[in-house]
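Reader: I'd like to go through this one with you, question by question. Can we put it up on the screen and start with the charged residues?

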Amino acid sequence: MWLRRGFFGWMIPAAFVLPLWLFVGWIIAGANGWAFLWMLFAVPGVFLWQLLLTLLVRARGTVRAHRAVSWWDVLGFAVWHVLIISLGLFNQSWWVPAMVAAVLVGIGLFWLELWQLWSEAKPSRLVMHTVDGVAYIPAAQDGPSASESASTPEVIVVSEKQGPQSR
């Protein structure tokens, strides 16, 4: 749980740290001007994409309630962040495949977050909590439960038929 909570806390700072790392890595690696031209697009792109993904993750109710991301989020963000960090090293032999992989993983992560948000928003995945905080899924009911029928008053409808009066 500590790892999932750590990723929850890391997501917003990552939007600032990862683009900064790309710039610092460009300086340290002594990359050429073409790499700087690439950085003009990559730095804002990584910043905005990370913020978008963070908003999609934090839109889920379970993430807000537990202040922890899912294991799928941990896996996806770990792979994507490692690829972005590797891009900041500007190694000519594997930079282009790493960039293509980072873009593909970033797009896949977007669809993963949408899928998790959509599947969690379905009423079929409703999770309730007891007073002690234990989570449970309520059983499906065919008819009204005992508590519902006890709280619903009985309604009697009397219809009056007007007809000819015979005396």
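Reader: Is E120 buried or exposed, and what about R60?

Author: Before we start, keep in mind that this is a predicted model. The two side chains meet in a salt bridge, with 3.7 Å from N to O. E120 sits in helix 5, while R60 is in the loop between helix 2 and helix 3, 60 residues apart. As for burial, R60 and E120 are both buried.

Reader: How many salt bridges does the structure hold?

Author: Let's go through them by partner. R60 pairs with D73, where the closest N and O atoms are 2.6 Å apart, and R60 also pairs with E113, at 2.9 Å between the closest N and O atoms. Add the bridge between E120 and R60, and the structure's count is three.

Reader: Which residues are linked in the network of salt bridges?

Author: R60 has a salt bridge with D73, another with E113 and another with E120. In general, side chains of opposite charge can pair when their charged atoms come close. The linked residues are R60, D73, E113 and E120.

Reader: What is the relative accessible area of D73?

Author: D73 belongs to helix 4, and its partner R60 is 13 residues away, in the loop between helix 2 and helix 3. R60 counts as buried because its relative accessibility is 2%, and the cut-off is under 20%. D73 is buried too, with a relative accessible area of 0%.

Reader: How many residues apart are R60 and E113?

Author: Both R60 and E113 are buried. Their salt bridge has its closest N and O atoms 2.9 Å apart. R60 is in the loop between helix 2 and helix 3 and E113 is in helix 5, so the pair links distant parts of the chain, a separation of 53 residues.

Reader: Which side chain makes a polar contact of 2.8 Å with S70?

Author: S70 is in the loop between helix 3 and helix 4. It counts as buried, because its relative accessibility is 17%. Leaving out residues up to four places away in sequence, S70 touches R4, R60 and Q116. The polar contact of 2.8 Å is with the side chain of Q116.

Reader: Is R67 buried or exposed?

Author: R67 is in the loop between helix 3 and helix 4. Its phi is near 55 degrees, a positive value in a residue other than glycine. Its relative accessible area is 52%, and since the cut-off is over 50%, R67 is exposed.

Reader: OK, on to the nonpolar side. Which helix gives the largest share of the largest nonpolar core?

Author: That core has 31 residues, and those with the most contacts inside it are L22, W38, V69, F77, L87 and F90. The elements giving two or more residues to it are helix 1, helix 2, helix 4 and helix 5. The largest share is eight residues, and it comes from helix 2.

Reader: What is the phi of F90?

Author: F90 is in the loop between helix 4 and helix 5. It counts as buried because its relative accessibility is 10%. Among the residues it touches are L22, W26, W38, M39 and W95. F90 is not a glycine, yet its phi is positive, about 50 degrees.

Reader: How far apart in space are M39 and W26, C-alpha to C-alpha?

Author: M39 is in helix 2, and it counts as buried because its relative accessibility is 3%. Leaving out residues up to four places away in sequence, M39 touches L22, F23, W26, P44 and F90. M39 and W26 are 13 residues apart in sequence, and their C-alpha atoms are separated by 8.5 Å.

Reader: Last one: which helices each supply at least two residues of the nonpolar patch?

Author: The patch lies on the surface and covers about 1,100 Å². Its residues include L20, F23, I27, W34, F36 and F41. One of them, I27, is in helix 1. The helices that each supply at least two residues are helix 1 and helix 2.

How values were computed. Residues numbered from 1 in each chain as written. Predicted model: local features only at pLDDT ≥ 70, side-chain atom pairs only at ≥ 80, totals over all residues. Heavy atoms only, no water. Core = buried A, V, L, I, M, F, W, Y, C linked by side-chain atoms within 4.5 Å. Buried < 20%, exposed > 50% of the residue type's maximum accessible area, 1.4 Å probe, protein only. Helix = DSSP H or I, 4+ residues; strand = E, 2+ residues; numbered from the N terminus. Contact = heavy atoms within 4.5 Å. Patch = residues over 30% accessible without salt bridge, like charges linked within 9 Å, V, L, I, M, F, W, Y side chains within 5 Å. Areas by Shrake-Rupley, 256 points an atom, 1.4 Å probe, with all protein chains shown as cover. Salt bridge = Lys/Arg side-chain N within 4 Å of Asp/Glu carboxyl O. Polar contact = N/O pair within 3.5 Å; in protein donor to acceptor, adjacent residues only side chain to side chain.
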